[in-house]
Amino acid sequence: MKGSYIFEYLNENEFRKLERSIKKYNMLAYKKLIFEYYPEIKEGNFLGELVKEDLKENTKSFELKLPTDDLFIRVHGEVILHYSVCENSHTVILETITPESLLSEGHRQELQAYKGVMISKANSDKDKFKIDLLNMLQNSD
């Protein structure tokens, strides 16, 4: 384990809530995250897109897209793991998973599904409109 990194969290409680929400609503993304991505990151193979690099602090920030249904992406956006790497201390700081608002809401209360896509209770009309619009556009092709 020459390049082994340690996981730390900006806010472990909030991050674990987001992870549990991913587990509940997108099992494929959760399995990839736990069994493929985390072990790779721990070994020093940093996955995803490098979004920021601080040479002074010797840190790098990454965004890793998790596998998600295409319709979900169009309605809510990509499911992305945000993490930073501090190479001096060999730590990986797990920051958050987006879309944070939907995942947090999914942890607090059961989300409804509309035509196979999770919808937010706060924005249910907006989400249903997007889903209907995307289905109409797809069917017209």
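**Figure 1. The open, mixed sheet of the predicted model.** In this predicted model, five strands make up an open sheet whose order is 1-5-4-3-2, with mixed pairing. Strand 1 (6-9) and strand 2 occupy the edges, and each has a single partner strand, so one side of each is left without a neighbour in the sheet. From one strand to the next, the twist averages 25 degrees. Strands of a sheet pair through backbone hydrogen bonds, and this pairing may be either parallel or antiparallel.

**Figure 2. Strand 3 and its two antiparallel partners.** Strand 3 (residues 59-66) runs antiparallel to strand 2 (residues 49-54), to which it is joined by five bridges, and it is also antiparallel to strand 4 (residues 79-86), with eight bridges between the two. Individual pairs can be picked out in this view: K52 has S61 of strand 3 as its bridge partner, while E63 is matched with H82 in strand 4.

**Figure 3. Two helices against the sheet.** Helix 1 (residues 12-25) packs on the sheet, where it touches strand 1, strand 4 and strand 5 (91-98), and its direction makes about 55 degrees with that of strand 5. Helix 2 (residues 27-42) lies across strand 1, strand 3, strand 4 and strand 5, and it runs at about 155 degrees to strand 3.

**Figure 4. The surroundings of L33 in helix 2.** L33, a residue of helix 2, has a relative accessible area of 0% and is therefore buried, the cut-off being under 20%. Leaving aside residues up to four places away in sequence, L33 touches E19, Y38, P39, L66, L81 and I97. D132, by contrast, is 99 residues from L33 in sequence, and the C-alpha atoms of the two are 30 Å apart in space.

**Figure 5. The hairpin turn at N58.** Strand 2 and strand 3 form a hairpin with four residues between them, and N58 is placed in this loop. Although N58 is not a glycine, its phi is positive, at about 60 degrees. With a relative accessible area of 29%, N58 is partly exposed.

**Figure 6. Backbone features on either side of strand 5.** H90 is found in the loop between strand 4 and strand 5, and its phi is near 55 degrees, a positive value in a residue other than glycine. The relative accessibility of H90 is 31%, so this residue counts as partly exposed. In the loop between strand 5 and helix 4 (100-108) lies P99, which is joined to T98 by a cis peptide bond with an omega of about 5 degrees.

**Figure 7. The whole chain, as context for the close-up views.** The protein chain contains five helices and seven strands, which follow one another along the sequence in the pattern β-α-α-β-β-α-β-β-α-β-β-α. Its C-alpha trace spans about 55 × 35 × 25 Å along the principal axes, and 36% of the 141 residues count as buried. Among the contacts with a separation of 6 or more, 50% are between residues 24 or more positions apart. The accessible surface of the protein chain is about 8600 Å², and carbon and sulfur atoms account for 49% of it. The chain carries 20 positive and 24 negative side chains, with 4 Å between the centres of the two sets.

Notes: Residues are numbered from 1 along each chain as its sequence is written. This is a predicted model: local features need pLDDT of at least 70, side-chain atom pairs count only at pLDDT 80 or more; totals for chains, interfaces and linings use all residues. Side-chain values use heavy atoms; hydrogens and water are left out. Buried means under 20% relative accessible area, exposed over 50%, partly exposed in between (1.4 Å probe, protein chains only). Contact means heavy atoms within 4.5 Å. Accessible areas come from the Shrake-Rupley method with a 1.4 Å probe; for residues, only the protein chains shown count as cover. Lys and Arg count as positive and Asp and Glu as negative; His and the chain ends are not counted. The place of a charge is taken as NZ of Lys, CZ of Arg, CG of Asp or CD of Glu. Two strands pair if DSSP finds at least two bridges between them. Axes are lines fitted to C-alpha atoms, for helices over the stretch in contact, and angles run from 0 to 180 degrees between N-to-C directions.
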